[in-house]
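Subject: Handing over the structure

Hi,

Here is the structure I promised to pass on to you. Have a look at it first, and then read on for my notes.

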Amino acid sequence: METTRLSSKGQVIVPKSVREAHGWQAGQEFEIEDLGSSIVLRPVNAFPLTRIEDLIGCTGYQGQKHTLEDMEAAIATGVAEQFPKGAQQCQQSP
């Protein structure tokens, strides 16, 4: 366990080994939770909290199930529609 000291300005230096282990850089913001006999420093996330539902587009999908072949065919159709010359060149390649 490492120790640190409170400065006359109320600043605490987080030891370098701890900063490096967590990837904290100068300017990192923290939430402080007072637990009575101790405190907790919790890094403020640079990104807003995200729910799993925001990340997985198919969650809760109620429509017809599709095979990988169906999905690949739909992608190929979409590419061919957007890039007709490129699709012809790809089909001609060995």
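Let me start with a question: is arginine 42 buried, exposed or partly exposed? Arginine 42 has a relative accessible area of 35%, so this residue counts as partly exposed. Please keep in mind while you browse that this is a predicted model.

**Overall layout**

The protein chain has 94 residues, and buried residues make up 3% of them. You will find 4 helices and 2 strands in the chain. Read from the N terminus, the order of the elements is α-β-β-α-α-α. As for contacts between residues at least 6 apart in sequence, 0% of them join residues at least 24 apart.

**Salt bridges**

There are 3 salt bridges in the structure, and arginine 42 is a good place to begin. The side chain of arginine 42 meets that of glutamate 33 in a salt bridge, with 2.7 Å from N to O. Glutamate 33 is partly exposed, at a relative accessible area of 32%. Through salt bridges with shared partners, Glu31, Glu33 and Arg42 are joined into one network.

The other link in that network runs between glutamate 31 and arginine 42, whose side chains meet at 3.8 Å, N to O. Because glutamate 31 belongs to strand β1 (residues 30-34) and arginine 42 to strand β2, this pair ties together parts that are 11 residues apart in sequence. Glutamate 31 has a relative accessibility of 42% and therefore counts as partly exposed.

Away from the strands, glutamate 20 forms a salt bridge with lysine 16, and their closest N and O atoms are 3.9 Å apart. Helix α1 (residues 16-22) holds both glutamate 20 and lysine 16, and the two are 4 residues apart, about one turn of the helix. Both glutamate 20 and lysine 16 are exposed.

**An aromatic pair**

The count of aromatic pairs comes to 1. Tryptophan 24 and phenylalanine 30 form this pair, in an edge-to-face arrangement with 4.8 Å centre to centre and 85° between the planes. How do the two rings fare for accessibility? Tryptophan 24 counts as buried because its relative accessibility is 16%, under the 20% cut-off. Phenylalanine 30, with a relative accessible area of 27%, is partly exposed.

**The largest pocket**

What is the volume of the largest pocket? The value comes to about 290 Å³. The residues that line the largest pocket are Leu6, Gly10, Gln11, Val12, Val14, Ile32, Ile39, Val40 and Leu41. By type, this lining divides into 7 nonpolar residues, 2 polar ones and no charged ones. Strand β2 (residues 39-43) gives the most to the lining, with 3 residues.

**Where to look**

If you have only a few minutes, I would open the view on strand β2, which takes part in two of the topics above. Strand β2 gives the most to the lining of the largest pocket, and arginine 42, which lies in strand β2, belongs to the network with Glu31 and Glu33. After that, you could turn to the edge-to-face pair of tryptophan 24 and phenylalanine 30.

Happy browsing, and do write back with any questions.

Best wishes

Key
Residues numbered from 1 in each chain as written. Predicted model: local features only at pLDDT ≥ 70, side-chain atom pairs only at ≥ 80, totals over all residues. Heavy atoms only, no water. 1 Å grid on protein atoms, 1.4 Å probe; cavity = no way out; pocket = protein on both sides within 12 Å on 5 of 7 lines; lining within 4 Å. Points joined across faces, edges and corners; volume = space filled by probe spheres on them. Nonpolar A, V, L, I, M, F, W, Y, C, P; charged D, E, K, R; others polar. Phe/Tyr/Trp six-rings, centres within 6.5 Å; stacked < 30°, edge-to-face > 60°. Buried < 20%, exposed > 50% of the residue type's maximum accessible area, 1.4 Å probe, protein only. Salt bridge = Lys/Arg side-chain N within 4 Å of Asp/Glu carboxyl O. Contact = heavy atoms within 4.5 Å.
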